[in-house]
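Colleague: I should be grateful for a close look at a single part of this model. Please take one turn and the strands beside it, and then work outwards to the surroundings.

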Amino acid sequence: MITAIVLYDLPPHIDKANCRAHFHAIAPGFLGVPGLIRKQFIYATEGGCAGGSYLWENREAAETFYSGPWREGIISRYGAAPRITYFETFAIADVPARKTTKFNDPGDQ
């Protein structure tokens with residue numbers, strides 16, 4: 001599993017309320033993205049920066065998505081390319097479900 005943290009600076013005209021409304025409007029569109037398991041839409045508590053925390057089946061799926069129309073949409077809407085950092089996901093602790101999930105290295109199988 002791969003976690004990608006995606007951040008971009010917001011132009012001054014996009015405040016917290018505008019960002020929330022936009023994220024609410026576009027969230028359903030992510031339900032059919034190949035290889036995407038979960039996305040959290042995030043906004044910096046200080047403002048000025050937003051993005052997402054994505055959980056992907058693999059890095060290839062993430063890179064395919066980020067290199068397509070999504071990237072051009074980010075640049076068009078926010079005026080700059082997003083900053084993307086990839087992390088290997090070793091485990092998830094889902095507190096409300098009281099469940100943990102562990103991921104092995106695919107090379108260990």
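Modeller: The hairpin of strand 2 and strand 3 has five residues between its strands, and in that turn Gly47 takes a positive phi of about 85 degrees. The model is a predicted one, in which local features need pLDDT of at least 70 and side-chain atom pairs count only at pLDDT 80 or more, whereas totals for chains, interfaces and linings use all residues. Residues are numbered from 1 along each chain as its sequence is written, and side-chain values use heavy atoms, with hydrogens and water left out.

Some conventions apply to the elements. Helices (H or I, at least four residues) and strands (E, at least two) are DSSP runs numbered from the N terminus, and two strands are said to pair if DSSP finds at least two bridges between them. Strands of a sheet pair through backbone hydrogen bonds, in either a parallel or an antiparallel manner.

Within the hairpin, seven bridges hold strand 2 and strand 3 in antiparallel pairing. One position that shows this is Lys39, which stands opposite Tyr54 in strand 3. On another flank, strand 3 (residues 49–56) meets strand 1 (residues 2–9), and eight bridges join these two antiparallel strands. Among the positions along this pairing, Leu7 has Gly51 of strand 3 as its bridge partner, and Asp9 stands opposite Cys49.

The burial of strand 3 deserves attention, where buried means under 20% relative accessible area, exposed over 50% and partly exposed in between (1.4 Å probe, protein chains only). Eight of the eight residues of strand 3 are buried. Cys49, Gly51, Ser53 and Leu55 point one way from the strand, while Ala50, Gly52, Tyr54 and Trp56 point the other way. For the whole protein chain of 109 residues, 31% count as buried.

The hairpin belongs to an open sheet of four strands, with the order 2-3-1-4 and antiparallel pairing. Strand 2 (36–43) and strand 4 (83–88) stand at the edges with a single partner strand each, so one side of each has no neighbour in the sheet. On average, neighbouring strands of this sheet are turned by 15 degrees against each other, direction ignored. For such angles, axes are lines fitted to C-alpha atoms, for helices over the stretch in contact, and the values run from 0 to 180 degrees between N-to-C directions.

Two helices lie across these strands, with contact meaning heavy atoms within 4.5 Å. Helix 1 (residues 16–26) lies across strand 1, strand 2 and strand 3, and runs at about 165 degrees to strand 2. Helix 3 (residues 69–78) lies across strand 1, strand 3 and strand 4, at about 25 degrees to strand 1.

At the edge formed by strand 4, Phe87 offers a useful reference point. Phe87 counts as partly exposed because its relative accessible area is 42%. Apart from neighbours within four places in sequence, Phe87 is in contact with Met1, Ile2, Thr3 and Ile5. Gly32, by comparison, is 55 residues from Phe87 in sequence and 22 Å from it in space, C-alpha to C-alpha.

A further hairpin is made by strand 5 (residues 91–94) and strand 6 (residues 99–102), which pair in the antiparallel sense over four bridges. Ala93 stands opposite Thr100, and the bridge partner of Ala91 is Lys102. Four residues separate these strands, and there Arg98 takes a positive phi near 55 degrees, although Arg98 is not a glycine. Arg98 counts as exposed because its relative accessibility is 75%.

Turning to the chain as a whole, the protein has three helices and six strands, which run β-α-β-β-α-α-β-β-β from the N terminus on. Among contacts between residues at least 6 apart in sequence, 59% join residues at least 24 apart. Along the principal axes, the C-alpha atoms fill a box of roughly 50 × 30 × 25 Å. The chain exposes about 7200 Å², of which carbon and sulfur atoms supply 54%; accessible areas come from the Shrake-Rupley method with a 1.4 Å probe, and for residues only the protein chains shown count as cover.
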